Amino acid sequence: MIPNAIARNMLIGCSLATAALLLSLGAALAQEAPKPVAADPASSQDEIRQFCTNIADPARDQRYLLQKQELEKLQADVDQRIATMDERKAEYEDWLKKRDDFLKTADLGLVDIYKNMKPDAAAASLNDVRTVVAAAIIMKLSARQSSLILAEMDAKKAAVITNIIASASDPNTSKSKDPS
């Protein structure tokens, strides 16, 4: 994760600073062996500890900033997905309303009339009715009656009616595909 890498790099920097300070201290001791050394290793450790302590807060702040940016990016993605789901929900509700309206068209008593007709007479009559109304009526009849009527109808109109019935029962039909 990026914040951990930054913290690791800062710790490595602290270690390198410690090593460099010890090396320079050792080199100074080697060059000036006869002279007394004023640098105390304990004070060097204190300086290194203070340096590492001083950069710990900025490292933590940077890690928090990166985490905040990542969370904001994730929140934007969630918001976008919610908006997409709302759009799809509205589309589905629209489709469901059209389907219900379509099925109600046949509930006006027409089904009973066509249910009692002979298939050839019903087919001749439905050939002259709006295709959507004919599809709604045929959809409300039993499968046996529907097949007999469709067999007696004009082949092209029967195919259109079959497509309308298939799309009315397909949950993937979108609102852009209007059966009327």
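How exposed is Ala-124, in terms of its relative accessible area? In this predicted model, Ala-124 has a relative accessible area of 44% and is therefore classed as partly exposed. The legends below take up this residue and several other sites.

**Figure 1. Overview of the predicted model, which contains 7 helices and 0 strands.** Followed along the sequence, the protein has the pattern α-α-α-α-α-α-α. The protein has 180 residues, of which 21% count as buried, and its accessible surface amounts to about 12500 Å², with 58% of that area belonging to carbon and sulfur atoms. Among contacts with a separation of 6 or more, 75% are accounted for by residues 24 or more positions apart. The structure also holds 4 salt bridges, and three of the pairs are described in the next two legends.

**Figure 2. Close-up of helix H2 around the salt bridges Glu-72 to Lys-68 and Lys-73 to Glu-70.** The closest N and O atoms of Glu-72 and Lys-68 are 3.9 Å apart, and, because these residues lie 4 residues apart in helix H2 (residues 41-105), they are separated by about one helical turn. An α-helix has 3.6 residues a turn, so residues three or four places apart point the same way. Glu-72 is partly exposed at 46% relative accessibility, and Lys-68 is likewise partly exposed, its relative accessible area being 48%. In the pair formed by Lys-73 and Glu-70, the closest N and O atoms are 3.8 Å apart, and both residues again lie in helix H2, here 3 residues apart, or about one turn of the helix. Lys-73, at 56% relative accessibility, counts as exposed, whereas Glu-70, at 39%, counts as partly exposed.

**Figure 3. Close-up of the salt bridge between Lys-97 and Asp-101 in helix H2.** The closest N and O atoms of this pair are 3.0 Å apart, and the two residues are placed 4 residues apart in the helix, which corresponds to about one turn. Lys-97 counts as exposed, with 51% relative accessibility; the cut-off for this class is over 50%. Asp-101, with 36% relative accessibility, counts as partly exposed.

**Figure 4. Close-up of helix H4 (residues 119-127), with Ala-124 and the buried side of the helix.** The buried residues of H4 are Ala-122, Ala-123 and Leu-126. They cover an arc of only 100 degrees around the axis, and are therefore on the same side of H4. The cover over these buried residues includes helix H3 (110-115) together with H5, H6 and H7. Ala-124, also found in helix H4, is partly exposed, and its C-alpha atom is separated by 7.8 Å from that of Glu-152, although the two residues are 28 residues apart along the chain.

**Figure 5. Close-up of helix H5 (residues 131-140), which is mostly covered.** In this helix, 7 of the 10 residues are buried, namely Val-132, Val-133, Ala-134, Ala-135, Ala-136, Ile-137 and Ile-138. H5 is also one of the helices that cover the buried residues of H4, and Ile-138 of H5 reappears in the next view as a partner of Ser-146.

**Figure 6. Close-up of Ser-146, which is located in helix H6 (residues 143-152).** Ser-146 has a relative accessible area of 9% and is therefore buried, the cut-off for this class being under 20%. The side chain of Ser-146 reaches the backbone oxygen of Ile-138 at a distance of 2.7 Å. When its neighbours within four places in sequence are left aside, Ser-146 is in contact with Ile-138 and Leu-141.

**Figure 7. Close-up of helix H7 (residues 155-168), with its buried and exposed residues.** At 1.5 Å a residue, the 14 residues of H7 should span 20 Å, and the end C-alpha atoms are indeed 20 Å apart, so the expected span and the model agree. The buried residues of H7 are Lys-157, Ala-158, Ile-161, Ile-164, Ile-165 and Ala-168. Seen down the axis of the helix, these residues fall within an arc of 120 degrees, and they therefore line one face of H7. The face turned away from this buried side carries the exposed residues Ala-155, Lys-156 and Asn-163.

Terms used. Residues are numbered from 1 along each chain as its sequence is written. This is a predicted model: local features need pLDDT of at least 70, side-chain atom pairs count only at pLDDT 80 or more; totals for chains, interfaces and linings use all residues. Side-chain values use heavy atoms; hydrogens and water are left out. A salt bridge is a side-chain nitrogen of Lys or Arg within 4 Å of a carboxyl oxygen of Asp or Glu. Buried means under 20% relative accessible area, exposed over 50%, partly exposed in between (1.4 Å probe, protein chains only). The expected span of a helix is 1.5 Å times one less than its number of residues. The arc is that of the directions from the helix axis to the C-beta atoms. A polar contact is a pair of N or O atoms within 3.5 Å; within protein, one must be able to donate a hydrogen and the other to accept it, and residues adjacent in sequence count only if both atoms are side-chain atoms. Contact means heavy atoms within 4.5 Å. Accessible areas come from the Shrake-Rupley method with a 1.4 Å probe; for residues, only the protein chains shown count as cover.
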